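Open the model in your viewer and keep the selection panel at hand. The stops below go chain by chain.

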Amino acid sequence: MALIELKDMYKKFPMGKNEFTALKEINLEFEKGEFAGLVGPSGSGKTTMLNILGSLDTPSEGSARVLDNNIGDLSGKAAAQLRKKHMGFIFQTYNLLPVYTVYENIEFPLLILKMSREERKKKVADALDWVGLTDKKKSRPAQLSGGESQRVAVARAIVKRPDLVLADEPTANLDDENAYNVLEMMVKLNEELNTTFIFATHDHKVIKYLKRKINLIDGKITEDMADLPGVKG
Amino acid sequence: MKLEFKLAYKNIIGAGLRTWLNVAILSFIYVLIIGSQGIYDGMMKQGVRVETDDRIAGGQFWHKDYDPNDPFSYDDSHAELTAKLQDMVISETAVPMLIKRATIYPDGRMKSVLIRGIKPMQDIVKIPTNSLGNTHKKLPVMIGTRMASTNNFQEGDYLTIRLRDIDGTFDAVEGRIVKIMSTRSVTIDKGQLWIPIQKLREITGMKNETTVLTIKTGLENIPGDTETWSFKDRDYLLRDIIKMVKSKKVSGLIMYMVLLFLALLAVFDTQVLAIFKRRKEIGTLIALGMTRSQVVKLFTLEGAMHGVLAALVGALYGTPLIYLFAKTGMDFTEVAEAYGMGYIAMLYPVYSAGLVIGTVFIVMLTVTVVSFIPSRKIATLDPTKALKGKVS
Ligand SMILES: Nc1ncnc2c1ncn2[C@@H]1O[C@H](COP(=O)(O)OP(=O)(O)OP(=O)(O)O)[C@@H](O)[C@H]1O
Ligand SMILES: [Mg+2]
């Protein structure tokens, strides 16, 4: 069974007296281990889609099944549980907790999972190692460069080895070098840990790395191209 | 919960100056409330002790017509004791007192006073009545220090006392001040003359008459009331003092409640601002898997922690301060005399565990409520909007 299955999904937002349809007729599947991206111009519905996949929002019509959960039917608590156990988020603006150190930021998802101290220690050390920030573990977010911040965010997203990482414009605030740096890291994680990544982006640097590109225009899928044959929605 | 505590603690410390301002104000309120209420508690304790020692002892039997607030009642409020009460006098478990109105003429001015005739040899109330025991002197008179200073009396001074006898005829007697006693009880000092009861009875022709019978502390079998004599227990006799201190306590408290309210406003404002400024962080916490109610809890805890930190900071500088006051006392002599509260001349505040715990509880509770009210908003927050930095 697919990791994610979207069927005839619509997302409508109230707009004054009318509705605005941000996503239309979405039929899509993602398998475990994909490195896929929603690609499209601003306002095409990428973030909206990612929010639904991340159980932060619900579809207006149709269904969205994510990891065997029907997103539309989840209670707030169940949705939180799903995110806590199985998902990692990466944001354009990093969204690190400002009062926590790098170490503590990465540790946070494990803390809310109530993982034991030893396990946390080991996993955070691994994550720090992956993103190459072991020597900055005591720094606070304000002391980090954009690239470093995003690497911390990546570490935070993958430290619990989630099934799914959702990354919304993760490179938009990074210069080329840092963007490639972060992307290489994510590819490596995808290949080594078989973590599923879904991006929302219009950055060519990201697009180059995607193994599957799903084009969105005005809330509709216009194209779905995979690099590898057989991995197609 | 531990995680929320840790995060709340880090956040509140991370908020820096604003946090410390709130903490400073709140800690000041803790110390102020506990400090001042302790003073009132000390006042109460001291007042009760002084009045009990010097005036009330184990309670008093009053003649049915006796009303301390109505001096005119003194003319008729006396009678012979019943046999039972008289037995107490004989066994020295009670001391009789006859109270009369009189006039004295210090420096030629006319002045109304009360004469209290008491049995000199007694140890029921702790005033030096035995000074009156030397009966071969002219009428021995004892007064308090306040009475002495307002009238310029010295030990050894003579004074003319004019009073009515049992038939209503005026009599004048000459007395000699044999003792100026120091008592903290204003009631038995200002405007009072103490003489041996036997003499007062002789002068007025009120043989065996008594107005008030004060009984020994700790007696088990107190005779029941009769038609003429009714027993007033300590609580009754202390009610004025207790009422006065309580009303002072309340009015003090009202002032601190206003201060507390202002401090709560500051905490409230901090919370509202924090939630507005940190909505993206709130969205992030939700994305990371916290439920909204957990985030509400987190922010409430953060606000409530102001109260906890304030209690710690307040304890840091308040404890030595309060300890010092409780140990060395505070010199209230002048204020106390001005307000007729002689018993607090040297005031030793009393800081009970109940006072401290009660104050901390009230402040903590209100701070928590005030932190919760704005945090509640998070429960209905749309995380996708919060992540965009918008408020819904
Ligand atoms: N809560 C909302 N209420 C109303 N309209 C919304 C809401 N969220 C998104 N939209 C609209 O839906 C459309 C898609 O928005 P979305 O944020 O998904 O675009 P996007 O593809 O992520 O764009 P960008 O590249 O600029 O981030 C936009 O027109 C947006 O105005
Ligand atoms: Mg977007």
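The tour goes through a sheet in chain A and then some helices in chain B of this predicted model.

**Chain A: the sheet**

Select the strands S6, S7, S8, S3, S9 and S10 of chain A, in that order. They form an open sheet of 6 strands with mixed pairing. At the edges are strand S6 (87-90) and strand S10 (220-226), each of which pairs on one side only. Neighbouring strands in this sheet are turned against each other by 15 degrees on average, direction ignored.

Next, restrict the selection to strand S3 (residues 35-39) and strand S8 (residues 196-201) of chain A. The two run parallel and are joined by 5 bridges. Display Phe35(A): the residue opposite, in S8(A), is Phe197(A).

**Chain A: helices across the sheet**

Add helix H1 (residues 46-53) of chain A, which lies across S3, S6, strand S7 (164-168), S8 and strand S9 (212-217). Its direction is at about 150 degrees to S8(A). Then add helix H2 (residues 76-86) of chain A, lying across S6 and S7. Helix H2 of chain A runs at about 80 degrees to S6(A).

**Chain B: H2 and H9**

Move to chain B and select helix H2 (residues 17-56) with helix H9 (residues 292-328). Their axes come within 7 Å and cross at roughly 50 degrees. At that angle H2(B) and H9(B) are neither roughly parallel nor roughly perpendicular, and therefore count as oblique to each other. The crossing is right-handed.

To see the contact, show side chains on both helices. Residues of H2(B) that take part include Trp20(B), Phe28(B), Tyr30(B) and Ile34(B). From H9(B), the contributors include His306(B), Leu309(B), Val313(B) and Tyr317(B). Glycines also take part, among them Gly35(B) of H2(B) and Gly307(B), Gly314(B) and Gly318(B) of H9(B). By class, this contact has 14 nonpolar residues, 8 polar and no charged.

**Chain B: H2 and H7**

Keep H2(B) and replace H9(B) with H7(B). The axes of H2(B) and H7(B) come within 10 Å and cross at roughly 170 degrees. Angles over 145 degrees count as roughly antiparallel, so H2(B) and H7(B) fall in that class. Colour the contact by residue class: 20 residues are nonpolar, 6 polar and 7 charged.

**Last stop: Lys277(B)**

Select Lys277(B), in helix H7 (residues 239-277) of chain B. Is Lys277(B) buried or exposed? Its relative accessibility is 61%, so Lys277(B) counts as exposed. Finally, draw a distance from its C-alpha atom to that of Gly389(B): the two are separated by 8.6 Å, although they are 112 residues apart along the chain.

Technical notes
Residues numbered from 1 in each chain as written. Chains lettered and ligands numbered in written order. Predicted model: local features only at pLDDT ≥ 70, side-chain atom pairs only at ≥ 80, totals over all residues. Heavy atoms only, no water. Helix = DSSP H or I, 4+ residues; strand = E, 2+ residues; numbered from the N terminus. Buried < 20%, exposed > 50% of the residue type's maximum accessible area, 1.4 Å probe, protein only. Axes fitted to C-alpha atoms, helices over the stretch in contact; angles between N-to-C directions. Parallel < 35°, antiparallel > 145°, perpendicular 65-115°, else oblique. Left-handed = near helix turned anticlockwise from the far one by under 90°. Contact = heavy atoms within 4.5 Å. Nonpolar A, V, L, I, M, F, W, Y, C, P; charged D, E, K, R; others polar. Pairing = 2+ DSSP bridges.
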